Amino acid sequence: MDMIRLAIMASGSGSNAQKIMEYFADNKHIKVVCLLSNKPYAYALQRAEKMNIETFVFNRNQFYETPEVENFLTIRKINLVVLAGFLWLVPEKMVRKFKIINIHPALLPEYGGKNMYGMRVHEAVIQNREPFSGITIHHVNEHYDEGNIIFQAKCRVDESDTAESLAEKIHELEHRYYPEVIEKLVSNGL
Ligand code: GRF
């Protein structure tokens, strides 16, 4: 089996990116090749550098108006792009060229869409007194949070939960399942 080459895209802290880089560090079939960010100071970049994974920072113009990001991925023979807290909408030309997946911190199709990210998701879930929340791993298309769902895991929302405590529960689920789901997807031929 040829080596499957992953690129991670992250805008923030990158705790999910970290788990993925660690999980595949010694894998013979799957390799995290690079981590890309639209934020020059994203902590995710430092995490990648510490693990000797190549990084690339780009701006809005490069992403939407030039082929630079796609070329970067093509040259490195990337088979799968993994979004891990990446906040910009992926342009259609890129969605067509690459297989891309994302993780969303709620049970889509609920609590998704353009302004539903980060703590806003958890605040909305708490406000609506939902009994459950969870994570959704899905294919990425040209609309926010609308690609086909690959995997979901649920957790209970307790009466005593705040947006912060719920965020922690959700992060635990993300860290536990995102690397495994990527591995499964690869072993099923992507
Ligand atoms: C995660 O909750 C993920 O679901 C969302 O952004 C957050 C990223 O967290 N898309 P981190 O940067 O991986 O810690």
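**Exercise 1. State how much space lies in the largest pocket, and describe its lining.**

Solution. Step 1: the largest pocket holds about 740 Å³ of space. On a 1 Å grid over the protein atoms alone, a pocket is an open set of points where a 1.4 Å probe fits, with protein on both sides within 12 Å along at least five of seven lines, and lining residues have an atom within 4 Å of a point. The volume is the space filled by probe spheres set on the points.

Step 2: this pocket is lined by 38 residues, and the closest to its centre are Gly-85, Phe-86, Leu-87, Tyr-117 and Gly-118. The model is predicted, so local features need pLDDT of at least 70 and side-chain atom pairs pLDDT 80 or more, whereas totals for chains, interfaces and linings use all residues. Residues are numbered from 1 along each chain as its sequence is written, and side-chain values use heavy atoms, with hydrogens and water left out.

Step 3: at least two lining residues come from each of helix H1 (15-23), strand S5 (100-104), helix H6 (119-127) and helix H7 (163-187). The largest contribution to this lining is that of H7, with 4 residues. Helices (H or I, at least four residues) and strands (E, at least two) are DSSP runs, numbered from the N terminus.

Step 4: sorted by class, the lining of the largest pocket comprises 16 nonpolar, 18 polar and 4 charged residues.

**Exercise 2. Describe the second largest pocket in the terms used above.**

Solution. Step 1: about 170 Å³ of space lies in the second largest pocket. Step 2: its lining includes Ile-126, Arg-129, Glu-130 and Asp-161. Step 3: by class, this lining has 3 nonpolar, no polar and 5 charged residues.

**Exercise 3. Determine whether His-104 is buried or exposed, and name residues that it touches.**

Solution. Step 1: His-104 belongs to strand S5. Step 2: His-104 has a relative accessible area of 3%, and is therefore buried. Buried means under 20% relative accessible area, exposed over 50%, and partly exposed in between (1.4 Å probe, protein chains only). Step 3: not counting residues up to four places away in sequence, His-104 touches, among others, Tyr-111, Met-116, His-138, Asp-145 and Glu-174. Contact means heavy atoms within 4.5 Å.

**Exercise 4. Identify the members of the largest nonpolar core that touch the most other members.**

Solution. Step 1: a nonpolar core is a set of buried Ala, Val, Leu, Ile, Met, Phe, Trp, Tyr and Cys residues joined through side-chain atoms within 4.5 Å. Step 2: the largest such core has 40 residues, of which Leu-6, Ile-8, Val-82, Tyr-178 and Ile-182 touch the most other members. Step 3: H7 gives the most to this core, with 9 residues.

**Exercise 5. Classify the ring pair of Phe-56 and Phe-72.**

Solution. Step 1: the whole structure contains 12 aromatic pairs. Rings of Phe, Tyr and Trp (its six-membered ring) pair if their centres lie within 6.5 Å; planes under 30 degrees apart count as stacked, over 60 as edge-to-face and the rest as tilted. Step 2: the ring centres of Phe-56 and Phe-72 are 4.5 Å apart and the planes lie at 10 degrees, so the pair is stacked. Step 3: the pair links distant parts of the chain, with Phe-56 in strand S3 (residues 54-57) and Phe-72 in helix H4 (residues 68-75), 16 residues apart. Step 4: Phe-56 is buried at 18% relative accessibility, and Phe-72 is buried at 8%.

Key:
Nonpolar A, V, L, I, M, F, W, Y, C, P; charged D, E, K, R; others polar.
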